Amino acid sequence: MYLLIPSAGTGKRMGADRNKLLLHLRSQPIIAWTMLAAEAASSISWIGIISQPHDWEDLKAIMADLKLTKPIKLIAGGSTRQESVYNGLQALPADAKQVLIHDGARCLATPDLLNACAEAIRHCPGLIAAVPVKDTIKVVDESGIIQSTPERSQLWAAQTPQGFDVDLLKQCHAEGVRQGWEVTDDAALFEKCGIEVHIVPGEETNLKVTTPQDLAIAEFILSNR
Ligand SMILES: Nc1ccn([C@@H]2O[C@H](COP(=O)(O)OP(=O)(O)OP(=O)(O)O)[C@@H](O)[C@H]2O)c(=O)n1
Ligand SMILES: C[C@](O)(CO)[C@H](O)COP(=O)(O)O
């Protein structure tokens, strides 16, 4: 299975002076944990790291330290996650029929979760890892007034990995560019194009390291593994 790892963000919400994925989480950079999960997942045969060229020297050094055995390619990222994935899709080897996309920032996803998604995408056009929402969610207007309370049993928190048929995902991204759609995950492009996306049970510990608090929580989770 081909795996694209979007890693080209700036980490504004982390407030660091560089890509948050280069910050240390315990003994090694955040992105190293994600790379090691991909290396350990038996279903993954090829890895594309979508990243800004100014990070490539650092990333090459991390990859060399980890002594990764799988083919790994650095792909230039865009100015949004959507653009970065678009670039990643163009850089896939020609024989890629299905692809998993997994955020570099979701560094605690297990190899088992990657393997489960790789198996499931053989049987459907699109899928995402997700977990049921635990909080009561409110829809709130610009003046801070609650408009509605969606039925919680229908709400799921989207994670990555997300898996797709490559041709369909390329078509959905192209349609997104034509229509000017701005989305925060690839499943949303499938949804807008009317293609079904399935759920694979995600992991409560598969958090996206977004803020300094997330980094502290990730440290805690790792210390209990
Ligand atoms: N232009 C971008 C923006 C984001 N990402 C990646 O998409 C994932 C999810 O994005 P997010 O957590 O929002 O990362 P950042 O964009 O770095 O964070 P922020 O929004 O706080 O700036 C991350 O692995 C990030 O590196 C990307 O590949 N290209
Ligand atoms: C794809 C994603 O990880 C699903 O939760 C997420 O939407 C991407 O991150 P962002 O913070 O919305 O940019």
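Ala, Val, Leu, Ile, Met, Phe, Trp, Tyr, Cys and Pro count here as nonpolar, Asp, Glu, Lys and Arg as charged, and the others, Gly among them, as polar. This report uses those classes to describe the hollows of a predicted model, in which local features need pLDDT of at least 70 and side-chain atom pairs count only at pLDDT 80 or more, while totals for chains, interfaces and linings use all residues. Residues are numbered from 1 along each chain as its sequence is written, chains are lettered from A and ligands numbered from 1 in the order in which they are written, and side-chain values use heavy atoms, with hydrogens and water left out.

**Overall build**

The protein has seven helices and 11 strands. Helices (H or I, at least four residues) and strands (E, at least two) are DSSP runs, numbered from the N terminus. The radius of gyration is 17 Å, close to the 17 Å that the globule rule gives for 225 residues, so the protein is as compact as a globular protein of that length. This radius is taken over C-alpha atoms, and the globule rule is 2.2 Å times the number of residues to the power 0.38. Along its principal axes, the C-alpha trace spans about 50 × 40 × 30 Å.

Of the 225 residues, 49% are buried. Buried means under 20% relative accessible area, exposed means over 50%, and partly exposed lies in between (1.4 Å probe, protein chains only). The accessible surface comes to about 11,200 Å², and carbon and sulfur atoms account for 53% of it. Such areas come from the Shrake-Rupley method with a 1.4 Å probe; for residues, only the protein chains shown count as cover. Taking contacts between residues at least 6 apart in sequence, 72% join residues at least 24 apart, where contact means heavy atoms within 4.5 Å.

**Pockets and cavity**

Hollows are found on a 1 Å grid over the protein atoms alone: a cavity is a set of points where a 1.4 Å probe fits but cannot get out, and a pocket is an open set with protein on both sides within 12 Å along at least five of seven lines; lining residues have an atom within 4 Å of a point. Grid points are joined across faces, edges and corners, and a volume is the space filled by probe spheres set on the points.

The largest pocket has a volume of about 1,000 Å³. It is lined by 38 residues, and R13, T80, R81, Q82 and T184 are the closest to its centre. Two or more lining residues come from each of α3, β10 (156-165) and α5 (166-179). The largest share, five residues, is from α3.

The second largest pocket holds about 210 Å³ of space. Among its 14 lining residues, V131, K134, A157, Q159 and E204 are the closest to the centre. The elements β7 (126-132) and β10 each give two or more residues to this lining, and β10 gives the most, with three.

One cavity of 30 Å³ or more is counted, and about 30 Å³ of space lies in the largest cavity. Its lining consists of R81, Q82, H173, V183, T184, D185, D186 and L189. Helices α3 (81-90) and α6 (186-192) each supply at least two of these residues.

The table gives the lining of each hollow by class.

| Hollow | Nonpolar | Polar | Charged |
|---|---|---|---|
| Largest pocket | nine residues | 19 residues | 10 residues |
| Second largest pocket | seven residues | two residues | five residues |
| Largest cavity | two residues | three residues | three residues |

**Single residues**

N19 sits in the loop between β1 (2-6) and β2 (24-25). With a relative accessible area of 8%, N19 is buried. Leaving aside residues up to four places away in sequence, N19 touches S7, G9, T10 and D55.

Some backbone angles also deserve a note. The peptide bond from T160 to P161 is cis, with omega near 10 degrees, and P161 belongs to strand β10.

R26 is not a glycine, yet its phi is positive, at about 55 degrees. R26 lies in the loop between β2 and β3 (28-29) and counts as partly exposed at 44% relative accessibility. K67, also a residue other than glycine, has a positive phi near 50 degrees. K67 is found in the loop between α2 (56-66) and β5 (72-76), and K67 is exposed, with a relative accessible area of 65%.
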